[in-house]
Each structure stands twice: as structure tokens, then as C-alpha cells.
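Open your viewer, set it to a cartoon view, and keep the selection panel handy. We will walk through the chains one stop at a time, with a note on what to select and what you will find there.

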Amino acid sequence: MLLVVRDLTVALPIGGRLVPIVESVSFTLGAREILGIVGESGSGKSMTSLAIMGLIDVPGARVSGSVRFRGRELVGLAPRAYRALRGREIAMIFQDPMTAFTPVYTVGRQIDEQIRVHQKISRADARSRTVRLLGDMGVPDPERVAGRYPHQLSGGLRQRAMIAMALSCNPALLIADEPTTALDVTVQAQILDLLRGLRREYGSSVLLITHDMGVVAETCDRTLVLYSGLVAERGPTGALFAQPGHPYTAALLDSIPPLHGPRPARLPSIPGSPPVPAERPAGCPFAPRCAYAHEACAVRPALVASGVQDIACVLPAEGRPLPPRFVAEMSA
Amino acid sequence: MTRLPVDSPAPLIAAQDLRMTYRVGRGQVLRALDGVSLSVQRGEVLGLVGESGCGKSTLGRCLLRLVQPSGGRVVFDGTDITTLPERRLRPLRQEMQMVFQDSYAALNPRRRVGDLVAEPLRVHPAPGGGWRSRADIAARLAELMDLVGLPQAALARYPHEFSGGQRQRINIARALALSPRLVVADEPVAALDVSIQAQIVNLFMDLRDRLGLTYVFVAHDLAVVRQISTRVAVMYLGAIVELGEADAVLHRPAHPYTAALIAAVPEPVVRTEGLPPPLRGDVPSPIAPPPGCRFHTRCPVARDRCRVDPPTLRGLPDGREVACHYPLVET
Amino acid sequence: MVMAVLRRLGQTLFVLVGISVLVFLVFFATPGADPTARIAGRNASSETMARVRVEYGFDRPLPVQYARMMEKLFVTRDLTSYVNRGQKVVPEILEAAPVTVSLVSGAAVIWVVLSVAMGVIAAALRGSWVDRGLMMLGLVGISIPVFWLGQVVNLVTQSRYHESWLFSWVPGLGYVPLTEDPLGWFRALALPWLTLAVLFVGIYSRVLRADLVAVQSEDFMRTARAKGLSPARVLLVHGLRTSMITFVSLFGLDFAQLVGGGALLTEVVFGLQGVGRLTYQALSNLDLPLIMATVMYSAVFVVIANAVVDMLYLLLDPRVRDGR
């Protein structure tokens, strides 16, 4: 296993006390695998990725649990050792490629910089690798693009350049935090295509953070659903989408308007909104919005295996798992 | 093309050859809207879809004359409002309202929800003339809270105390305060989480049924647009490329761009067969759109004619209109 | 890029002409006040009045008067003060200008270097006692009046401890031209430089720290850290340049107004015969030609400094280059 995360908890000081934003999140990521972490805003998905990168710099924040990357413990790693890892073995791409590049330097210079920080090679060699990487990412006329400033490029080109930068030192793990959210849908399709190809071309594993169930379905081998900082469900993407085990996963999938098949008169929606971390219920965090909530939900459910999935819900153990999901036939 | 789609019986709002150009430095001109014509019938929901820079938001604003179009006409309920002086436009403004994407930016954070929603009631005279009394306004506020599904207690609170979905309900309540006939919603659910998005989409649909509203619904999300719209206009680089019944357009797209757009939407379904190859390239700059058909640079079925001869919107047998020389549906 | 620079230069020229017209109108075309009498000075004889009227063309239309004035200022440079009879105004300013420019430039070097160092260190050690100490120091610098500080410096270095080894190098008050004696120039100006710079070190270091702290939360700073760059590199290479915008605009304004006469107090305290002092004298004597000339002189500096700041923006931020 490339990455083993055990009981990762991230607590931030809010109003004078430590509030766990992410609570006991566990998952593994194998070589050449794409794992999707999906959740709504406030689910803790970005915080999880920043914790793995060691980039949480809120004063007073506490990260506990274990993150083992290639057998090496990252929680509590010395800053200098972490720096050598970041960008070289674990790289990250961000949501908005416009603001994620420093506006006053050319993208080529910023990619060169990452290469030269981790490897002793000449400026010219770094630039030629930059140009090659940009070309590999499908950037037309990569030499010219390397000499351009971020604002001079389109959103799609910027994100390709961002991915080129992340891959510049051939990292074993790529964390992509909402990499397509700021992009148009046709460009999003291109970038997802590119990400899927990475494991083939570069042998990288990808941790894909997103709010979009569609993106997960089309891209990830396995999926982790977060709700209010806790794992609701995890499992192989195919199984999870065909038969979601957690009522939250099922309700979330149902609330997406279908693009094919009959139009529902009303969209099945989830009432209310997710709790803020400081007011998370003691029991199942989803219980207040859940159609299946009952007395047993007053106790926080553990993650239990149900078929190929792991589900933080009492329903399977009570012998009444959710029915398989109805999916309308897709007409091409 | 001279035939204007304003032939059906008295549309609520119609645009004819609408143009919007912006000067962007050194004599360059950005054509945000390049001759857009459409009409919206009473009780209809027209969805405007397209990628960034296609002009869908600009069109929404031009329809309400929140921005002054550079050319063309907008006719609301038989009145040409394109050049109407602001004084005479004012009474009509009550009948057409807008809901924006950013629910927070649209609400003054220092005022209570009650004041925010009541504001249009205070600045516009009552239908029979004269100003509304305090009691009338209070009654209307209570009614509006019920309509949008917020508790009465919300009136005394401030915008920041609400979640994104609730704030969007407040915005909708404010837009509905004067009982408009037309609501233009610009990406009203784009900033919301999926589970909340469904609530707001349902609310829009309920309100249409209960109040007989007419919507122009601007969104980039095809699935949301399909859910709510009766008709759909697909825009690309400042022009409509396809316009027709929502089900027809989205199930059997005639324009290659519509087809590509639909194919690109990631669906929450794990497919067994491979994904279609994505469309190449980026949307060209609206400052220098390609000659001929605007879409030919990315079109998988473009031929020589498409590179020189710009297609105009023409009707297909099933009643929809498409701007393509070689539509994907037989004519 | 070249086009942008040329366009900016054109604008600068336009603004300068505009200012000169405005200043001219204020001083020489105020209704109900005869500029002849004011130029000729108090109790001038009728011949003098007549001579002035012809010389400045006050019997001709306004555009001619304006052209005559500009000619006297920039071409023949023989605008004459009638208060100090016979004193040519333009040479007087040209003599005072090097003093002020020397004073302000030296101080500017000191305040830029010190404030960048202080701002960066404070931002890097945000929240620590070093940060708090430096910012307190900045506040102290802002609060000290420059004339008082100058007097104290003089008191210490000129009289009480002048004989001690520490200050025996300090020359008497006054200016030594750079071309005559570079070392003497430096020694004469070292203390005025520091005195003038104190206020600006305080302001600029606080401004820069605030901007650097604000930039820390930008997405690109997180990217820079995710690349594995050292904190120093993140701050200096990615943070500093993007936070220099306010700093540079402030600098342009302050530098220009100081060179244009704003360093008056420092000039007076250290006995430097600079432009500030000249302007002050002109105003107290109501010496109209001299006022006209000094106002034009400082306007030129402010406008040029603004143009330079805009060009610095072009260098600092490529987005400005593309007009976005």
C-alpha cells in the first residue's frame, strides 16, 4: 500500500476550544489507484488532503492519527523532511488554476522552480523537461506556453500546466483537490481524461477530492464518502454507485437531477443542511436529516463491512440494507 | 435570417437580434451577444445553457435591461423596453425580477431579512396607487416566508445567520415580493451543495406552479436545466446554436455542440463501456471568434463549408431551431 | 509593453501642461487682482509697473501671457524675483534642487532597505515577540516629530558629544556638493538621511508586513508550499513581489512630495538650503514668480514620480502590462 491513513483527526481551535473538523478518517490507497474522496462543503475533504500534505498552518491546529506514506509516518514529521517530500513524492493540484499560480511569474518559470528545488539540474535542462511535460499534458505549442503568464492562458491550459508542474518530479502520489470545479464542462472532460491516463503514463496514484458524484463515477476506482468530517461509506466505485449502503450516499445520488430517462416531478432532496463541526450530533451525524433514523442512531455507528463496502450505518447490521439504486437506461 | 421567433401568440418577453458589445482596449471589440433572438411564452421556463463566455448571463441581464444592449430590441408584454426611459420602465420593473448566483453578495449583511425582503414593497407604490401600509407589508412578508419555506422568525435575523440554501430562499422571497410575472435566475443553484441544490430547484418548480411564473433560467449545469425547463436555448460564443423543447434538445441534440456538451457531463453512474472522447481545445476568445461557424474549430463533424459560411438558426421539422449546416438529426 | 510606456509618457506630458495652465490661471488670472502689482512687489514705482506689464505681456490676451510665462520658465529662464530684486528664479531653484534630491534620495535608500527588511522579518515571524517588537519600533518611528528628532540629533552630535569618538566625524550643519567632495557630502547628509527616514521606515515596514500577511492566505502561496519550497523562498520569491504594489505606490507619492519641497522641516533643522526652504521663503514674501516656479517644479516631480510608479507596476505585475 502506498498510503495508509488510520484514524486521521484534524482539530482546529474554534471559539476557544478544539473542534474536530475531520474525525477518525481511515482509508488506503494502492499503487496506480485512483481514490475519490467525495463530500459536500464542510465535509472535511479538503482538510483531509491538506493534512496529508502537512499544509495545515492554522495556529493551534492539532493533527492526530496516522498517515503512512510508503511505510513512513507523516504525522509529526519534521518540517524539513516534509519539504523534501512535498512536490517530489506527493504533489498537489488545486481547484482554481488562476489563483493557484503566482501571477507575476511565467508558468514555465514556476514549473522549472519546482524541478530545481528537488533536483540539481541546470536551468536549461529544467526548462526542456518543463516543455516536454507541458507537451505530454496536451498543451499545444508548449515552448510558447511556458513563456506565458498565468492570466494569459485559458482555464484548461492553466490546469494542464498545473498538472504538469505537479508531475514534474514524478511523484508517487498526486492529490487533486477539486481539479475541475472551476472549469467548463467540455474542458473538465479533457482534464478527467488526462487524470485517468496518468497511472498509465506516469504510474501515479491519485487522490481525487471532489463534490461531484459524476466526476467520481467516471474517474475513481474506489470511493470514500465523507459527511460532516466522518466517513459515511467507502468501497469500490461500481458497487457503491450501484447499491449505496449509507442513506446519505443514496440520498445524495438521488438528489442529482438525471440527464437521461424520465424527469422526476420533484427531485428527492435531503431536508435541512449539514451540521457545522462544532454542533455535530453525538450519534450518527446524518440522523437529523435521515429518512431511516431511529433510536439506534443516537449512538455513533462504527464503520462495518457490508458486502464489498464499509458503511457507517446500523441498517445492514439490523438486516434491512438499502435497495439497489434505480438507474434509468442511458440512450446514446 | 429575417424570420424572428416572435410569431407565436404574444410572448411575455422577446428579444430580437439582441447585440451586446464591449470595447476591450486598443480598438478590440468583444461581442458578448451577437444577434440573439428568442421569445418566452407565459408560464414557460426557458433554460439558457452554455460554457463560460457564451453570453448567457449577459442575455439574462439584457432581457431585464439591467444592462443596456448595444443593438436589437427587447419586448416585454408588448412594450418595447429597449429604449424606454427609466421613469417609464420603473412600473414594469416590478413585473420582472432577478435572482443571482451569489446568495450572500446579493444581500446587504447589515440589514435584517425582514427589511431586505420588504425593501421592494417600500420603494414601489402599491398596484392601486399610494403606498403600502405597515400592516400590508407585514402581511405580505409573512406570506412570502411561507412561500419560500422559511420560518417567520427568519425576518428578524441577519443574512449571515443562514446557510447558502436558506439565503437563496431569502433572495427568492425578495424577488417575489412585488408578484412579478417574469423571474430571470442567473445560476441560482450553482454555488449550492447538491443536496441543497435539489431543494431550491424544487422550490423554483413549486413557485412556478403556484404563482404562474415565467422563468428564464440561466445555468451551466445541463441536468439542472433539463429538470426545470420546458424549452432550452444552447449558446456558444454569443449566439444561440440550438433552441427547442427541453426533452428534444437534450435527448436528441441536433447541434454537434449540444451533443458534445451532453456527452461531457459526468454522470453519477458507473459505465461499463468506455467514455466518449472529449471535445478538443478550449472555447475560442469572444474577441476574435472563428470565421464561418463559430464552433468549427472544435466540431468533430465540421466540413469545408463550416469554415467559411456562418450558419443561421433554422427550423427543423420537430419545431426546434438549430444553427448548423449538418445537424445530427435528419431534416 | 513599449506602447504602454509611450502612452504613459504622453499622458504625463498632457498632465504637466494641464497643471501649468492651472497654476498660471490661479496666480495670474485671478479676477480682481492685478498680477502686475503683485509681481512688482510692494510700493513699486509706476515705471517698474509698466516694465513688468510689458515684460509679462499683461496688456495682451491670456494665452499670450501664458506662453510668455512658460518661455520665461523653461526657455530663457530669466524669470526674475521682484522681492529680492534682480534675483533670477530658475537658477535659484536649480541650485536648491541638488540639495533636496541628495537629502531625499539617501533617505529613500535607507527607508526602503530598512522597511523591507523589517517588514519581511516581522511577517516571517508573525505573532512572535520579534514581530511585535519591530512593529512597536515602527510605531515609535511614526510618532516622533521629525523637527524634534532633528533637534535632538543636532544637540547630541553637534554640541554635547561632538568631541566624543562616536560623533567627531560629524561636520557642521550645511550642505557639501557631491561633485566637490563625495566623502564630505556623505558625512554632511548621513544624519539628515537617518532623521528623515525614521518616519517612513515606520510606515513602510508596517504596510509591507500587513500586505505580506494578507498574501499568505492566497492560493498561490499554498501552491508554493505544496511544491516543497522553503518558507524563506515562499515568502521572498512568491510573496514579496506580489505584495509590493501598495509599497511602490506609496513610495512614488512620498518620494515626489519630499523632493518637491516636503522635506522642509528636515532642511530647516539641518541648515540645508533646499527646495522646501525656498518655497517657504517665497510664500512668506509673496514672491509670485518664485512661487510659480517652485509649484511648477514640484508638480513636475510628482507627475514624473507617478509615471515611474506606473512603469514599475508594469515591471512588477505582468497583468498590468496586458491591461487587465
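Start with chain B and pick out its eight-stranded open sheet, whose strands follow the order S6-S7-S8-S3-S9-S10-S12-S11 with mixed pairing. Strand S6 (96-99) and strand S11 (314-315) of chain B stand at the edges with a single partner strand each, so one side of each has no neighbour in the sheet. As you look around, keep in mind that this is a predicted model.

Next, select residues 45-49 and 214-218 of chain B. These are strand S3 and strand S8 of chain B, which run parallel and are joined by four bridges. To see one pairing in detail, show B:Leu48: its bridge partner in S8(B) is B:Val218. Now add residues 194-211 of chain B, which form helix H6. Helix H6 of chain B packs on the sheet and touches S3, S6, strand S7 (182-186) and S8 of chain B. Compare directions while you are here: that of the helix makes about 160° with that of S8(B).

Before leaving chain B, select B:Pro290. Where does B:Pro290 have its place? Look in the loop between helix H9 (256-264) and helix H10 (304-308) of chain B. B:Pro290 counts as buried, because its relative accessibility is 13% and the cut-off for buried is under 20%. Leaving aside neighbours within four places in sequence, B:Pro290 is in contact with B:Leu237, B:Pro284, B:His296 and B:Thr297. If you like to try the distance tool, go from B:Pro290 to B:Met205: they are 85 residues apart along the chain, and their C-alpha atoms are separated by 38 Å.

**On to chain A**

Select the open sheet of four strands, in the order S2-S1-S4-S5 of chain A, where the pairing is antiparallel. The edges belong to strand S2 (17-29) and strand S5 (72-73) of chain A; each has a single partner strand, so one side of each is left without a neighbour in the sheet.

Highlight residues 3-14 of chain A, which are strand S1. Nine bridges join S1(A) to S2(A), and the two run antiparallel. One place to zoom in is A:Leu12, whose bridge partner in S2(A) is A:Val19. Then add residues 45-53 of chain A to bring in helix H1, which lies across S1, S2 and strand S4 (62-69) of chain A. Helix H1 of chain A runs at about 110° to S1(A).

Move along to residues 173-177 of chain A, strand S7. How many of the five residues of S7(A) are buried? Five of the five are, and the strand is described as mostly covered. Turn the strand to check both faces: A:Leu173, A:Ile175 and A:Asp177 lie on one side, A:Leu174 and A:Ala176 on the other, and all are buried.

Now bring up the partners of S7(A). Strand S6 (residues 90-93) of chain A pairs with S7(A) in the parallel sense over four bridges, and A:Met92 stands opposite A:Ile175. Strand S8 (residues 205-210) of chain A also runs parallel to S7(A), joined to it by five bridges. Here the bridge partner of A:Asp177 is A:Ile209 in S8(A).

Step back to A:Glu89, in the loop between helix H2 (79-85) and S6 of chain A. Is A:Glu89 buried or exposed? At 18% relative accessibility, A:Glu89 counts as buried, because the cut-off is under 20%. Setting aside neighbours within four places in sequence, A:Glu89 is in contact with several residues, including A:Phe69, A:Arg70 and A:Leu173.

For contrast, select A:Asp125 in helix H5 (residues 123-136) of chain A. A:Asp125 is partly exposed, with a relative accessible area of 45%. A:Asp125 and A:Arg199 are 74 residues apart in sequence and 25 Å apart in space, C-alpha to C-alpha.

**Last stop: chain C**

Colour chain C by secondary structure and you will find 15 helices and zero strands. Its C-alpha atoms fill a box of roughly 80 × 60 × 35 Å along the principal axes. Of the 324 residues in chain C, 45% are buried. Switch to a surface view: chain C exposes about 15900 Å², with carbon and sulfur atoms supplying 68% of it. Finally, colour the charges: chain C has 27 positive and 21 negative ones, and their mean positions are 8 Å apart.

Key. Residues numbered from 1 in each chain as written. Chains lettered and ligands numbered in written order. Predicted model: local features only at pLDDT ≥ 70, side-chain atom pairs only at ≥ 80, totals over all residues. Heavy atoms only, no water. Pairing = 2+ DSSP bridges. Contact = heavy atoms within 4.5 Å. Axes fitted to C-alpha atoms, helices over the stretch in contact; angles between N-to-C directions. Buried < 20%, exposed > 50% of the residue type's maximum accessible area, 1.4 Å probe, protein only. Areas by Shrake-Rupley, 256 points an atom, 1.4 Å probe, with all protein chains shown as cover. Lys, Arg positive; Asp, Glu negative; His and termini not counted. Charge placed at Lys NZ, Arg CZ, Asp CG, Glu CD.
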